[in-house]
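Hi everyone, thanks for coming along. Today I'd like to walk you through one structure, step by step, and please have the picture open while I talk.

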Amino acid sequence: MTYLRRPSWALPESAVTDEALFLNRRQVLAGLGIGTAAALTGLPSPAQAEAGRTPITPPPPLNPAFADAGRPITGEDITSTYNNFYEFGSSKRISREAQRLNVDGWVIEIDGLVAKPMTIAFDDLVKQMQLEERIVRHRCVEAWSMVVPWTGFTLSQMLALVEPLSSAKYVRFETFLDPDVAREQRASWWPWPYTEGLTIEEAQNELSFMVTGAYGKELHKQFGAPVRLHTPWKYGFKHIKSIVKVTLTDERPVSFWEELNDSEYGFWANVNPQVDHPRWTQATEQPLSGGDRIPTLLFNGYGEQVAHLYKGMEAEIGTRLWR
Ligand SMILES: Nc1nc2c(c(=O)[nH]1)N[C@H]1C(S)=C(S)[C@@H](COP(=O)(O)O)O[C@H]1N2
Ligand SMILES: [Mo]
């Protein structure tokens, strides 16, 4: 695919500036006793943004290993109106625009180096998976963070369905491509569709989660309905939304952000407070709920589960391996 370099105004750096302004405004409003920023900015109200998603019944059990994220859950009104979903625009305020997404009859293709490739309706896939709820931390590379109760199933369960061959070394994910629905996909400077990738070992790890719900409801469209990835030890851009295709391969996939700028958004993207982004510090982060910045943790605090995956790569800490 050919595309032009994205214009400088679309750089995430400007988004970071917006973010700081937004958070300050929230704090100011909170100080004045005025509810959410949305009330004054003409942005979608929480009720509008959350509309249309029905509660999941019966509620899937909370996995006791993920019952406490060590920080409070971030309000749904905040997380559902402050999103990164560039298909619908490069601002954080895409929750209303994202309601254009139609998830009825969603189909997922799973192919590549597998014994049983399949094209499966999302509804049929979910019925075969054991669902659970997990409360986990999310750290965006732009240095904001949140805690969300997601529901979904482990990626390893889904991979077991298709029986990966021993030659499969990586898993590549792809988001839908539909410029009529997602109008930013008409802009040629982005390498659409959005893609991401993991090693097979990362994909098989218990932390790699296919998210199909949030806050006890079917997944909000702006969160990447009907299904998105969550790998909580990695920066948020790995958490690809609205997945239509999963391919097992022996070649390391080049992801959307890596293709745009591999010196800032590498393949590994493990959260590491010691390796700054070229344009800002990663030592601390701003919770979306407001308040003071807090220290960022190595692997976002999930090292116990995943550090072993990177044994032997220690010498390269500080290089792009860890970005
Ligand atoms: N398809 C797609 N997936 C995506 C993105 C995107 O723009 N398009 N943004 C990523 C980034 S940078 C982050 S931080 C998270 C944001 O998830 P949230 O909006 O649910 O908080 O989604 C990730 N997944
Ligand atoms: Mo992000």
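I'll start with the whole protein, then turn to the ligand, and finish with some individual residues.

One thing to say up front: this is a predicted model, and the values I'll quote are computed from it.

Let's begin with the overall picture. The protein has 9 helices and 12 strands. It has 323 residues, and 55% of them are buried. The accessible surface comes to about 13600 Å², with carbon and sulfur atoms accounting for 54% of that. Now think about how the chain meets itself. If we take contacts between residues at least 6 apart in sequence, 73% of them join residues at least 24 apart.

Now to the ligand. Which residues are closest to ligand 1? They are Asn83, Tyr86, Glu87, His239 and Lys241, out of 18 residues that surround the ligand. Let's go through some of the polar contacts. Asn83 uses its side chain: one of its polar atoms is 2.9 Å from an oxygen atom of ligand 1. Tyr86 uses its backbone instead, placing an N or O atom 2.8 Å from an oxygen atom of the ligand. His239 also brings a backbone N or O atom, and here the partner is a nitrogen atom of ligand 1, at 2.9 Å. How much of the ligand does the protein cover? On its own, ligand 1 has 530 Å² of accessible area, and the protein covers 99% of it. The space that ligand 1 takes up is the largest cavity.

Next, let's follow a stretch of chain around strand S4. Just ahead of it is Ala143, in the loop between strand S3, residues 132–139, and S4. Here's a rule of thumb for your notes: most residues other than glycine have a negative phi. Ala143 is not a glycine, yet its phi is positive, at about 80 degrees. Is Ala143 buried or exposed? It is buried, because its relative accessible area is 5%, and the cut-off for buried is under 20%.

Step into the strand and you meet Ser145, in S4, which spans residues 144–154. Ser145 has 3% relative accessibility, so it counts as buried too. Leaving out residues up to four places away in sequence, Ser145 touches Arg71, His138, Arg139, Glu285, Gln286, Pro287 and Leu288.

Let's pick up one of those partners, Gln286. Gln286 sits in strand S11, residues 284–287. At 11% relative accessibility, Gln286 is buried. Its side chain reaches the backbone oxygen of Gly291, at a distance of 3.1 Å.

There is another residue with an unusual sign of phi to show you. Glu163 is not a glycine either, and its phi is near 55 degrees, so a positive value. You'll find Glu163 in the loop between helix H6, residues 155–162, and strand S5, residues 170–175. Glu163 counts as partly exposed, because its relative accessibility is 35%.

While we're on backbone geometry, remember that most peptide bonds are trans. Where are the cis bonds I want to point out? One joins Thr57 and Pro58, with omega about -15 degrees. Pro58 is in the loop between helix H3, residues 46–50, and helix H4, residues 76–79. Another runs from Ala225 to Pro226, with omega near -5 degrees. Pro226 is in the loop between strand S8, residues 217–218, and strand S9, residues 228–230.

Last stop: two loop residues and their partners from elsewhere in the sequence. Gly216 lies in the loop between strand S7, residues 209–214, and S8. Gly216 is partly exposed, at 27% relative accessibility. Its C-alpha atom is 7.6 Å from that of Trp150, although the two are 66 residues apart along the chain. Beyond its neighbours up to four places away, Gly216 touches Pro55, Ile56 and Glu133.

Val181 is in the loop between S5 and strand S6, residues 195–199. With 17% relative accessibility, Val181 counts as buried. The C-alpha atoms of Val181 and Leu101 are 6.3 Å apart, with 80 residues separating them along the chain. Apart from neighbours within four places, Val181 is in contact with Leu101, Phe88 and Arg100.

That's the tour, and I'm happy to go back to any stop.

How values were computed
Residues numbered from 1 in each chain as written. Chains lettered and ligands numbered in written order. Predicted model: local features only at pLDDT ≥ 70, side-chain atom pairs only at ≥ 80, totals over all residues. Heavy atoms only, no water. Helix = DSSP H or I, 4+ residues; strand = E, 2+ residues; numbered from the N terminus. Buried < 20%, exposed > 50% of the residue type's maximum accessible area, 1.4 Å probe, protein only. Contact = heavy atoms within 4.5 Å. Near = heavy atom within 4 Å. Polar contact = N/O pair within 3.5 Å; in protein donor to acceptor, adjacent residues only side chain to side chain. Areas by Shrake-Rupley, 256 points an atom, 1.4 Å probe, with all protein chains shown as cover. 1 Å grid on protein atoms, 1.4 Å probe; cavity = no way out; pocket = protein on both sides within 12 Å on 5 of 7 lines; lining within 4 Å. Sits in = over half its atoms within 2 Å of the grid points.
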